[in-house]
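Here is a short briefing on enclosed space and nonpolar packing in one protein. Please look over the sequence and structure first.

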Amino acid sequence: MKLKIAQNSLWLCYALSNPSLMNHMVPPGLEVAKVSPVEGVEPREMLMFNAYEVRCAPWMQGSRVDVQTFVRNKQSGTAHLVVLDVLTDTRNWDPINGLTSPNSVVTIKESAGINVKFDGIDKFFVKGRPGRVIKPNYTFIVEANRKCYFGNFRKGYTMDFKEEEIMHPVTELRNLKIENTCWKEFRGGLIIAFKHDTPMEFDVHVNPFMLEMNKLW
């Protein structure tokens with residue numbers, strides 16, 4: 001399953017206010033760990049919001065916000081990202097809920113920095129202007145993306161990608177205006193907001209339709 005991510009995908013990185021409770025929401029054998037998403041940011045436990053436009057023809061084309069945290073395997077120490085929740089205006093699949101319908105209405109404008117608005121049960125609005133260009137952290141961007149998880153589902157999914165493509169320098173966002181009602185009980189202060197200036201492509205090793213068919217047998 002190839003995911004094409006448009007340029008200007010956004011990250012909001014917050015301090016995680018309750019790491020011990022979050023550990024009960026990720027798969028067994030994993031634990032929340034400290035990470036620095038970009039150079040110059042002190043590593044710490046984080047709750048992150050990744051907003052982006054995605055193209056996965058023909059069944060998933062639209063925009064989404066993935067709520068994520070960074071974890072490590074307790075035994076091997078490998079780095080991973082866990083998707084905790086999804087806001088989306090297109091169809092979605094995950095191993096817990098299966099195929100689901102859109103749950104948000106989205107407006108994205110890119111002319112003056114970035115302007116992202118998701119309206120659904122929760123509100124997610126971000127507006128900001130470009131600031132300094134910085135280098136992303138290899139562990140966060142590359143290592144943690146090699147195998148990701150959804151919620152507390154035990155089995156993860158691996159992804160292939162070009163390292164040089166996703167390690168391209170990113171742009172910090174300044175003069176931020178944010179309205180975010182999502183996951184307030186786990187959010188501390190905002191640490192950094194940044195965007196990828198180039199598109200990216202991920203080859204996810206999962207077939208949602210075959211997995212759904214297998215449930216019927």
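The points below cover the cavities, then the nonpolar cores.

This is a predicted model. The structure holds two cavities of 30 Å³ or more. The largest has about 540 Å³ of space, and the second largest has about 50 Å³. The largest nonpolar core has 36 residues, and a second, separate core has 29.

**Largest cavity**

- Its lining is made up of 32 residues.
- L3, Y52, D66, Y157 and M159 are the lining residues that lie nearest the centre of the largest cavity.
- Strands that give two or more residues to this lining include β1 (2–5), β4 (46–56), β5 (60–73) and β6 (79–88).
- Also on that list are β7 (92–94), β12 (147–150), β13 (157–160) and β16 (200–204).
- β5 gives the most to the lining of the largest cavity, with four residues.
- By class, 23 residues of this lining are nonpolar, six are polar and three are charged.

**Second largest cavity**

- Here 12 residues form the lining.
- N8, A51, Y52, E53 and I108 lie nearest the centre of the second largest cavity.
- At least two lining residues come from each of β4 and β10 (114–120).
- β4 has the largest share of this lining, with three residues.
- The lining of the second largest cavity divides into seven nonpolar, three polar and two charged residues.
- Y52 is named among the residues nearest the centre for the largest cavity, and Y52 is named for the second largest cavity too.

**Largest nonpolar core**

- Within this core of 36 residues, M48, F70, L81, F140 and F194 have the most contacts.
- The elements that each supply at least two residues of this core include β1, β2 (10–16), β4, β5 and β6.
- α2 (138–141), β15 (187–196) and β16 each supply at least two residues of this core as well.
- β4 provides the largest share of this core, five residues.

**Contacts of F194**

- Leaving out residues up to four places away in sequence, F194 touches S9, L10, W11 and C13.
- On the same terms, F194 also touches P37, V38 and F140.
- The list of F194 contacts is completed by V170, T171, E172 and L173.
- F140, one of these contacts, is itself among the core residues with the most contacts.

**Second core**

- This core of 29 residues is separate from the largest one.
- V26, F49, V71 and V106 are among its members.

Terms used. Residues numbered from 1 in each chain as written. Predicted model: local features only at pLDDT ≥ 70, side-chain atom pairs only at ≥ 80, totals over all residues. Heavy atoms only, no water. 1 Å grid on protein atoms, 1.4 Å probe; cavity = no way out; pocket = protein on both sides within 12 Å on 5 of 7 lines; lining within 4 Å. Points joined across faces, edges and corners; volume = space filled by probe spheres on them. Nonpolar A, V, L, I, M, F, W, Y, C, P; charged D, E, K, R; others polar. Core = buried A, V, L, I, M, F, W, Y, C linked by side-chain atoms within 4.5 Å. Buried < 20%, exposed > 50% of the residue type's maximum accessible area, 1.4 Å probe, protein only. Contact = heavy atoms within 4.5 Å.
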